[in-house]
Amino acid sequence: MGLLTNRVERNEIKLGDHIYTYRAVFTYSHHERILSSNCYFKGYLFDGIYLGGSKVVHFRPERNLNLSTEASSDVYDSMSCPTFPDCGFRQPNSGVVLSCLDCFLKNGSLYCFEYGVSPSVFLAKIRGGTCTTAASDSPETVVHRAMYLLQNGFGNYDVFQNNCEDFAMYCKTGLLIVDKQGVGRSGQASSIIGAPLAAILSSPLKLLMPSPVGVATMTAGMYCMSRYATDIGVRTDVIKVAVEDLAVNLGWADDNEEEVTEVEESSMTQITR
């Protein structure tokens, strides 16, 4: 891997690696812990966690998983994979999916997300969502988190605050952002927000810099700095959360309790009638 690309060959990826692939346009990537991945939506990139044995675990919008294959050719089910019978496995009402590497890539190129890079390397990367200054935990810990979330879910998918890259980065680091109203962990989301913001902030400089090259350089600098400021490795509003406590920290447990309470109240109402 280098400054220009994180592309790797299949024999180079290891247990617990965070892998990703591009789909159609290079505007957003889908990240997964190499465990299995069936996520591919037109115009997006996908991330996952590698489990070894050509299996990937990844996170995708639940609504796309519930569509029938007749409704969309992008929807994957286990019956369409001749290699792995468990490819496409997921729990009900969960967007965390187990896939084989072939179904995850869908003939796309394979890339490996970098962890623990220096600030200079991070800033040199033009595209967001390819690296972080945060250190990765051990492969065994990463795989444990991914498998636990495969069985218990990762909450509701949100393209800005809880996407496939957020899933993969949590599996790798165990870090969560305390401020739930801010930008998520993913570098892709930060890039989507950071690029227009940099353009807006640098627009007044046109009055001081008549050269288009100077304005473009300043905009690029602001864009890189905005990405760096939102990187999970340098943010101060992050905490380490055990995967077993994830539901409580993200409020999923409260939501489940409310659902259970509503069901119990409904049942009691029917009994008293």
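In this predicted model, His 18 is buried, with a relative accessible area of 0%. His 18 belongs to strand S1, which spans residues 18-22. The side chain of His 18 is joined to that of Asp 47 by a polar contact of 2.9 Å. Around this starting point, the chain as a whole holds nine helices and eight strands. Of its 273 residues, 47% count as buried. Among the contacts in the chain with a separation of 6 or more, 62% are accounted for by residues 24 or more positions apart.

The segment before S1 offers a natural next stop, and Leu 15 is found there. With a relative accessibility of 38%, Leu 15 counts as partly exposed, whereas His 18 is buried. Leaving aside residues up to four places away in sequence, Leu 15 touches Tyr 50, Leu 51, Gly 52, Pro 139 and Val 143. Two of the elements described here are reached by these contacts: strand S3 covers residues 45-52, and helix H4 covers residues 139-152. Leu 15 can also be placed relative to Ile 49: the two residues are 34 positions apart in sequence, and their C-alpha atoms are 8.3 Å apart in space.

Attention now turns to helix packing. Two packed helices are described by the angle between their axes and the distance between the axes. For helix H4 (residues 139-152) and helix H5 (residues 164-173), the angle is about 135° and the axes are 7 Å apart. H4 and H5 are therefore oblique to each other, since an angle over 145 degrees would be needed for them to count as roughly antiparallel. The crossing in which H4 passes H5 is right-handed. On the H4 side, the contact is made by Val 142, Arg 145, Ala 146 and Leu 149, and on the H5 side by Phe 167, Tyr 170, Cys 171, Lys 172 and Thr 173. Sorted by class, these residues comprise six nonpolar, one polar and two charged.

H5 itself deserves a closer look. This helix is mostly covered, with 10 of its 10 residues buried. The buried residues of H5 include Glu 165, Asp 166 and Lys 172, along with Phe 167, Ala 168 and Met 169. Both ends of H5 have local features that can be picked out in the model. At the N-terminal end, Asn 163 acts as a cap, with a side-chain oxygen 3.0 Å from the backbone nitrogen of Glu 165. Just after H5, Gly 174 takes a positive phi of about 75°.

One residue of H5, Met 169, is also touched by Thr 132, which sits in the loop between helix H3 (119-124) and H4. Thr 132 is buried, and its relative accessible area is 0%. A polar contact of 2.7 Å links the side chain of Thr 132 to the side chain of Asp 231. Beyond residues up to four places away in sequence, the neighbours touched by Thr 132 include Phe 113, Glu 114, Tyr 115, Gly 116 and Val 117. Phe 122 is touched as well, as are Ile 232 and Gly 233.

Further along the chain, Leu 246 lies in helix H8, which runs over residues 246-249. Leu 246 is buried, with a relative accessible area of 1%. From Leu 246 to Gly 155, the separation is 91 residues in sequence and 9.6 Å in space, taken from C-alpha to C-alpha.

Backbone geometry rounds off the description. Most residues other than glycine have a negative phi. Against that background, two residues in loops stand out. Ser 54, a residue other than glycine, has a positive phi near 60°. Ser 54 is found in the loop between strand S3 (45-52) and strand S4 (55-59), and is partly exposed at a relative accessible area of 29%. Lys 106 likewise has a positive phi, with a value near 50°. Lys 106 is placed in the loop between helix H2 (101-105) and strand S6 (111-112), and counts as partly exposed at 35% relative accessibility.

Definitions and conventions
Residues numbered from 1 in each chain as written. Predicted model: local features only at pLDDT ≥ 70, side-chain atom pairs only at ≥ 80, totals over all residues. Heavy atoms only, no water. Helix = DSSP H or I, 4+ residues; strand = E, 2+ residues; numbered from the N terminus. Buried < 20%, exposed > 50% of the residue type's maximum accessible area, 1.4 Å probe, protein only. Polar contact = N/O pair within 3.5 Å; in protein donor to acceptor, adjacent residues only side chain to side chain. Axes fitted to C-alpha atoms, helices over the stretch in contact; angles between N-to-C directions. Parallel < 35°, antiparallel > 145°, perpendicular 65-115°, else oblique. Left-handed = near helix turned anticlockwise from the far one by under 90°. Contact = heavy atoms within 4.5 Å. Nonpolar A, V, L, I, M, F, W, Y, C, P; charged D, E, K, R; others polar.
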